[in-house]
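Grab a coffee and work through these short exercises with the structure open beside you. Try each task before you read its solution.

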Number of protein chains: 2
Amino acid sequence: MNKRDVYITEVALRDGSHAINHSYTIDQVTEVAKALDEAHVPFIEVSHGDGLGGSSLQYGLSTTNEMELISAAVSVCKQADIAVLLLPGIGTVGDLKEAANIGARMARIATHVTEADVSKQHIKVAKELGMETVGFLMMAHMVPTEKLIEQAKLMESYGADTVYVVDSAGALLPHQVKERIRALREALNVNVGFHGHNNLSLAMANTLVAIEEGATRVDGSVRCLGAGAGNTQTEVLVSVLDRMNITTAIDLYKMMDVAEDIVAPILDQPQEITKGSLVLGYAGVYSSFLLHANRAAQKFNLDPRDILIELGKQKVVGGQEDMILDVASDIAQKRMTFST
Amino acid sequence: MNKRDVYITEVALRDGSHAINHSYTIDQVTEVAKALDEAHVPFIEVSHGDGLGGSSLQYGLSTTNEMELISAAVSVCKQADIAVLLLPGIGTVGDLKEAANIGARMARIATHVTEADVSKQHIKVAKELGMETVGFLMMAHMVPTEKLIEQAKLMESYGADTVYVVDSAGALLPHQVKERIRALREALNVNVGFHGHNNLSLAMANTLVAIEEGATRVDGSVRCLGAGAGNTQTEVLVSVLDRMNITTAIDLYKMMDVAEDIVAPILDQPQEITKGSLVLGYAGVYSSFLLHANRAAQKFNLDPRDILIELGKQKVVGGQEDMILDVASDIAQKRMTFST
């Protein structure tokens, strides 16, 4: 295989499952994975959108058991390694072992950007299982760069081969990505990666800035298939990097064909930047907040955007959904004070 | 009105007409223009996608006469100025006078990047009519920066108040935009503008780079509505600039609402980056070449992408569609030579 300057992990079969309500079938995964493998994509992630064990009423039930989907992908890939995502607390060490047992070769252990310490056990197990192991720092826009470095160093110390800056809300601006990747490259001895979302139409720009600053691992999703407004569109990324003489060793025409002929027909509706995904990126909050904010807005006769923006300012994190009503109530009360 | 750092011209009612086969109705234009005006968009362009007089079998027939659409937009705008696009050779001085007569206040005179001299008469007439006048250098990726400057200076000498770098094929990379805008800012005394397309998912990145380098006029299209993969998505651009403390004086919430509630329902299919638009951006060729390349590919048993990329390398321009068969024939012949 040709040398690669940048290794792309394709996430349409994981992050992309958000876009189709976790409804992937074995046939779909088989066809997509086979085509991606033939296009020489090095890593293909297959899991529930929220990682191993994510299939639940809370996160959305998968139509097909993810282990069956992983097996299907493994069985058709001649050169690509299958990756799995695992969020400690949602997925377990048992899930990880099962995935490794059926052929997954890369483990991406994901935590909130301030909670790297919960990845320790899972990173160690993944390494013991002989998997290439990635630490995945989600919602990376929520902390200053110093904090991000501290957390990344924890993941490195647990044995991660790569640490990713994950812009889960699609909220980072290019200069912020630049600062973060540059600092990580200086502070770490392992690979640095970047995972972008397109809520502010900046996924491509941010990915290019990350590569310029030395990230050698980046994520893409064919036809933009991912949560929110989707991820960096893989076939477009491969085209742009080719124009910049940066080698991915991925077959450009085959990637274009996978996107057009195999992935696009899976979608009920093309990915685009809607009001909902735009507001999430602008406010920098979790997508799970949208529904709660809409309900709270109705109760207090507010615009849900005001609530989401305030939640972003207060850096409210996932699991603190109770606070949404409090924040809404505060805004409503302040308005009444001003209007009397 | 608040001071603006950057003036956005909304092109969904002009470039966007490509995306809906030039089928705008008076009701649609009235509703969109009114909402954009209420959101404080300073300039709203209304014309056939290929500019005044573009309604034809060759460029696509408009459902409604564009002068009626311009009148409708003018009648509902309290603060926004209505702009018209004119490509000399397609539109005439007569068209321009008629548009000015019914209330258009800005004229954008567009030529191929090497043909600024054909804009002389139209720029002069627009100025005499009291219109704010923009020179629009299309397919700006096709020439080196020195040539671009030479052509821009011509437009400045004719009286243009602003000269735009127009990335018609969505082919420019951010460092190329940076170089071009920086050079124009140094060479010109008038405003510099940028019009991007999203074929390589770089419309937002390129627009931000242009603004960083001093462009004060940029184009956006609500919900990405434009030719190819569409333009820089206006409501997203306004959000990003707001996050960067760059003032557009546009009401962010209202822009989000126009996009979601008024423009999105007009589209049969959301805008996305398809194989076709991606190839055009990657090759840097005219969208009109796509159909011809597909036909030539069939005739010579080639991949149309190879033909388009070769056309891009040879810098073939619009009007030279005859050359597409020659280029295809050459490629086919070379392949035969190699295979014998």
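**Exercise 1: a charged cluster in chain A**

A network of salt bridges ties together A:Arg14, A:Asp15, A:Glu45, A:Arg108 and A:Asp219. Keep in mind that this is a predicted model. Your task: find how many salt bridges the structure holds over all chains.

Solution. Start from the general idea: side chains of opposite charge can pair when their charged atoms come close. The cut-off to apply is a side-chain nitrogen of Lys or Arg within 4 Å of a carboxyl oxygen of Asp or Glu. Run that over all chains and you end up with 34 salt bridges.

**Exercise 2: a pair in chain B**

Task: work out which parts of chain B are linked by the pair B:Glu45 and B:Arg14, and whether these residues are buried or exposed.

Solution. Step one is the distance: the two side chains meet in a salt bridge, 2.8 Å from N to O. Step two is the location: B:Glu45 sits in strand β2 (residues 43-45), while B:Arg14 is in the loop between β1 (7-10) and α1 (26-38), so, with strands and helices taken as DSSP runs, the bridge links distant parts of the chain, 31 residues apart. Step three is the surroundings: B:Glu45 and B:Arg14 are both buried.

**Exercise 3: two more bridges in chain B**

Task: for B:Lys127 with B:Asp161, and for B:Lys147 with B:Glu150, say where the partners lie and how exposed they are.

Solution. Take B:Lys127 and B:Asp161 to begin with: their closest N and O atoms are 2.8 Å apart. This pair also links distant parts of the chain, with B:Lys127 in helix α4 (residues 120-128) and B:Asp161 in the loop between α5 (145-158) and β6 (162-166), 34 residues apart. On accessibility, partly exposed is the band between under 20% and over 50%. B:Lys127 has a relative accessible area of 34%, so it counts as partly exposed. B:Asp161 is partly exposed too, at 23%.

Now for B:Lys147 and B:Glu150, whose side chains meet at 3.0 Å, N to O. Both lie in helix α5 of chain B, 3 residues apart, which is about one turn of the helix. B:Lys147 comes out at 29% and is partly exposed; B:Glu150, at 40%, is partly exposed as well.

**Exercise 4: where the chains meet**

Task: describe how chain A and chain B touch, from contacts to chemistry.

Solution. Count residues to begin: 40 of chain A are in contact with 40 of chain B. Next comes area, with about 3,500 Å² buried between the chains, 59% of it on carbon and sulfur atoms. On the chain A side, A:Arg243, A:Tyr253 and A:Tyr282 lose the most area to chain B, together 20% of what that side buries.

Then look at polar links. There are 6 salt bridges between the chains; A:Glu272 forms a salt bridge with B:Arg223, at 3.2 Å between the closest N and O atoms. Residue pairs in polar contact number 18. Helices α7, α8, α9, α10 and α12 of chain A each supply at least two residues of the side touching chain B. By class, that side has 19 nonpolar, 9 polar and 12 charged residues.

**Exercise 5: an unusual backbone angle**

Task: which loop holds B:Asn245, and is this residue buried or exposed?

Solution. B:Asn245 has a positive phi of about 60 degrees although it is not a glycine. The residue is in the loop between α8 (234-243) and α9 (252-263) of chain B. At 68% relative accessibility, B:Asn245 counts as exposed.

Terms used: Residues are numbered from 1 along each chain as its sequence is written. Chains are lettered from A and ligands numbered from 1 in the order in which they are written. This is a predicted model: local features need pLDDT of at least 70, side-chain atom pairs count only at pLDDT 80 or more; totals for chains, interfaces and linings use all residues. Side-chain values use heavy atoms; hydrogens and water are left out. Helices (H or I, at least four residues) and strands (E, at least two) are DSSP runs, numbered from the N terminus. Buried means under 20% relative accessible area, exposed over 50%, partly exposed in between (1.4 Å probe, protein chains only). Contact means heavy atoms within 4.5 Å. Buried area is the accessible area (1.4 Å probe) that two parts lose on being put together, summed over both. A polar contact is a pair of N or O atoms within 3.5 Å; within protein, one must be able to donate a hydrogen and the other to accept it, and residues adjacent in sequence count only if both atoms are side-chain atoms. Ala, Val, Leu, Ile, Met, Phe, Trp, Tyr, Cys and Pro count as nonpolar, Asp, Glu, Lys and Arg as charged, and the others, Gly among them, as polar.
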